[in-house]
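I opened my notebook to record what I looked up in this structure, taking the strands before the side chains.

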Amino acid sequence: MECNTLEPALTRGLNLKPIPIDWSNIQTVFLDMDGTLLDLHFDNHFWLEHMPFQYAQKHGLSLDKAKTELANMCSSIEGTLDWYCLDYWEEKLDMDIVALKTQVSNRIAVRNNVETFLKYLADQQCRVVLLTNAHRKTVALKFAYTSIEPYFDRVITSHDIGVAKEDDNFWNKLHTIEYFNPKQSLFIDDNLDVLQAAENHGVAHLLAIHQPDSQQAPKNTQHYTAIECFKQLIH
């Protein structure tokens, strides 16, 4: 899945400015999954469209009412570990979330040139760690429909740590299970709160994502340099 067919064609052929990285000084590369390596369109479509429809069908609600109820449930725990936990949502909603996600799995897509970048990291002999808030069930689903799993030296989810990546204590806890030097680490994520937590911890090299969802407008990444195409990191 080298090319993301959901990504707008106009972004593919642009002559984008390289993003300078001193790869000789990078030992560990931490990579987010959804919205970073994978198009966030799948997740947004699932939670904002497909899931409300299924919830409405289950409870005999209008689609608008279902969307409102789900939005209220989400907003009350946004940014916490439960917000990302499939076990939590399956119990709360009494629905098989993995089965429902599988119904729209055709929308799972690797961002353009991600695999080229992952191969490049292997050539640089960096340690590559997937660092995601996604539940292990979600990770397994995404790996089943993409070919990126072999590129990682390790996969760590926030559920392994016990707190979400937005939590300022996340990186302290990460140190207890994964050795890394913050000054020689690169972290790429589409969530600005997550990047801020990493910055607070002293992670020296941080990059955001220009357009996490290919079907939505680019985001303001504030003071973080944003990647438009992963080829910008290949020197």
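**Sheet.** I began with the sheet of this predicted model, and I found six strands in an open arrangement, ordered 3-2-1-4-5-6, with parallel pairing. Strand 3 (154–157) and strand 6 (226–227) stand at the edges, and each has a single partner strand, so one side of each is left without a neighbour in the sheet. I then followed strand 6 to its partner and noted that strand 5 (residues 205–209) pairs with strand 6 in the parallel sense over two bridges. I looked up I209 as well, and its bridge partner in strand 6 is I227.

**Helices on the sheet.** I next checked helix 5, which packs on the sheet and touches strand 1 (28–31), strand 2 and strand 4 (185–188). The direction of helix 5 makes about 160° with that of strand 1. Helix 9 (residues 192–201) lies across strand 4 and strand 5, and I noted that helix 9 runs at about 175° to strand 5.

**Loops at either end of helix 5.** I looked for positive phi values in residues other than glycine and wrote down N113, with phi near 70°, and Q125, with phi near 60°. N113 is in the loop between helix 4 (97–103) and helix 5 (114–123), whereas Q125 is in the loop between helix 5 and strand 2 (127–132). Are these two residues buried or exposed? N113 has 10% relative accessibility and counts as buried, while Q125, with a relative accessible area of 73%, is exposed.

**Aromatic rings.** I turned to the rings and found 13 aromatic pairs in the structure. In one of them, F46 and W47 have ring centres 5.0 Å apart and planes at 90°, so I entered the pair as edge-to-face. F46 is buried at 0% relative accessibility, whereas W47 is partly exposed at 23%. I also noted that the charged end of K101 sits over the ring of F46, 5.6 Å from its centre.

I then looked up F170 and W171, whose ring centres are 5.7 Å apart with planes at 80°, so this pair is edge-to-face too. F170 counts as buried at 0% relative accessibility, and W171 is buried with a relative accessible area of 0%. Following the ring pairs onward, I found that they link F170 and W171 with F30, F180 and F187 into a cluster.

How values were computed: Residues are numbered from 1 along each chain as its sequence is written. Side-chain values use heavy atoms; hydrogens and water are left out. Rings of Phe, Tyr and Trp (its six-membered ring) pair if their centres lie within 6.5 Å; planes under 30 degrees apart count as stacked, over 60 as edge-to-face and the rest as tilted. Buried means under 20% relative accessible area, exposed over 50%, partly exposed in between (1.4 Å probe, protein chains only). A charge sits over a ring if NZ of Lys or CZ of Arg is within 6 Å of the ring centre and within 35 degrees of the ring normal. Helices (H or I, at least four residues) and strands (E, at least two) are DSSP runs, numbered from the N terminus. Two strands pair if DSSP finds at least two bridges between them. Contact means heavy atoms within 4.5 Å. Axes are lines fitted to C-alpha atoms, for helices over the stretch in contact, and angles run from 0 to 180 degrees between N-to-C directions.
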